[in-house]
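Here's a quick briefing for anyone about to work with this model. Have the sequence and the 3D view open as you read.

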Amino acid sequence: MTGSSGLLGRILVNLLKNDYEVIGIDKYVLTNEPDALALDITQTPGALDSMVKLRPSVVVHTAAETNVDLCETDHARARMINVEGTANVAEACAKSGARMVFISTDYVFDGTKGNYSEADQPNPISYYGHSKLEAERIVMSKLPNALILRTSVLYGWHPSKLNFATWVSGGYVNVRPSGWSRITSIRPLLLTTLRRRSVQRSSGTAVAYST
Ligand SMILES: NC(=O)c1ccc[n+]([C@@H]2O[C@H](COP(=O)([O-])OP(=O)(O)OC[C@H]3O[C@@H](n4cnc5c(N)ncnc54)[C@H](OP(=O)(O)O)[C@@H]3O)[C@@H](O)[C@H]2O)c1
């Protein structure tokens, strides 16, 4: 689980670890994650060799630069983490034979239509959305059996990370799809989608839009 100390990754690790051997990967390992690996996904693929050595069967890639406003002002940083970091994780999955589950976003759409399905054409209007779409395309090109999960606004509690409500209440949100986002609870996201579609499904590329 990359991004294992993040809003989504932290909850997924706690939910999955009862049934699976789960190893968290993050830039810095927290003291309450004794089994986690400290890895910066933006380093060259060689830096992810320790992940390859673990021979994971599934890699859930949640790590990202998720600050949409920061992505708009610092394209280089957004690209480094969201595009090149994801490409490195995909490369490590290819080397280890792991199935990659890439957590993407409804920001790949422009928000004019709403109620999107997997069949709708992406048309990002923010740099964050562009970076996640470019990453999706790299994942699909490298890994024929990857699962890309485009989720919408997540809600859940984290001691230090912002969720959508705390982010909006902290100031004006400059960049967002123009349509109203759906809100996705992290628990159902895992239980109804991740488990069923990523862990049990063993072959074929898929893009899923989960709310
Ligand atoms: N939150 C939402 O409402 C939402 C909605 C749709 C889609 N998504 C997608 O869902 C995924 C998870 O989102 P989230 O809200 O859980 O994100 P988050 O709380 O911001 O967590 C992101 C995680 O990625 C880690 N990370 C960042 N750069 C890294 C690097 N270079 N190397 C290794 N780890 C790195 C962060 O570590 P540090 O904290 O140490 O930087 C953090 O643990 C993302 O891919 C996001 O695009 C989120």
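What follows runs through the overall fold, the ligand shell, the core, one helix, a few single residues and the confidence.

This is a predicted model, with a mean pLDDT of 82 for the protein and 72% of its residues at 70 or more. The protein has seven helices and eight strands, and 38% of its 211 residues are buried.

**Overall fold**
- Take the contacts between residues at least 6 apart in sequence: 69% of them join residues at least 24 apart.

**Around the ligand**
- The ligand is surrounded by 27 residues, and the closest are Gly-3, Gly-6, Leu-7, Leu-8 and Ala-64.
- Helix H1 (7-16), helix H4 (75-96), strand S4 (99-105) and strand S6 (153-155) each give two or more residues to that shell.
- H1 provides the largest share of the shell, with three residues.
- By chemistry, the shell splits into 11 nonpolar, 11 polar and five charged residues.

**The largest nonpolar core**
- This core holds 43 residues, and the ones touching the most other members are Val-89, Cys-93, Met-100 and Val-139.
- At least two core residues come from each of H1, strand S3 (58-61), H4, S4, helix H5 (127-142) and strand S5 (147-151).
- The largest share belongs to H4, which puts in seven residues.
- Leaving out residues up to four places away in sequence, Val-139 touches Thr-86, Ala-90, Met-100, Phe-102, Ala-146 and Ile-148.

**Helix H5**
- If you want a sanity check on geometry, H5 has 16 residues, so at 1.5 Å a residue it should span 22 Å; the end C-alpha atoms sit 23 Å apart, which agrees.
- Plenty of H5 is buried, including Tyr-127, Tyr-128, His-130, Lys-132, Glu-136 and Val-139.
- Those buried residues pack against helix H3 (68-73), H4, S4 and S5.
- H5 is also where confidence is highest, at 97.

**Single residues to look at**
- Val-153 sits in strand S6. It counts as partly exposed because it has 19 C-beta neighbours inside 10 Å, where buried would take 20 or more.
- The C-alpha atoms of Val-153 and Asp-106 are 8.2 Å apart, although 47 residues separate the two along the chain.
- Arg-55 isn't a glycine, yet it has a positive phi of about 50°. You'll find Arg-55 in the loop between helix H2 (49-53) and S3, and it counts as exposed because it has 10 C-beta neighbours inside 10 Å.
- Asn-115 has a positive phi too, about 45°, and is not a glycine either. Its place is the loop between S4 and H5, and Asn-115 is exposed, with 9 other C-beta atoms within 10 Å.

**Where to be careful**
- Confidence is lowest in helix H7 (residues 186-199), at a mean of 57.
- Over residues 172-178 the pLDDT stays under 50, and the model has 18 contacts for this stretch beyond four places in sequence.
- Residues 199-203 also have a pLDDT below 50, with two contacts in the model beyond near neighbours in sequence.
- Where pLDDT is low, the predicted coordinates shouldn't be read in detail.

Technical notes: Residues numbered from 1 in each chain as written. Predicted model: local features only at pLDDT ≥ 70, side-chain atom pairs only at ≥ 80, totals over all residues. Near = placed C-beta within 6 Å. Helix = DSSP H or I, 4+ residues; strand = E, 2+ residues; numbered from the N terminus. Nonpolar A, V, L, I, M, F, W, Y, C, P; charged D, E, K, R; others polar. Buried ≥ 20, exposed ≤ 12 C-beta atoms within 10 Å, placed from the backbone. Contact = placed C-beta atoms within 7 Å. Core = buried A, V, L, I, M, F, W, Y, C linked by C-beta atoms within 7 Å. Expected span 1.5 Å × (residues − 1). pLDDT = per-residue confidence, 0-100.
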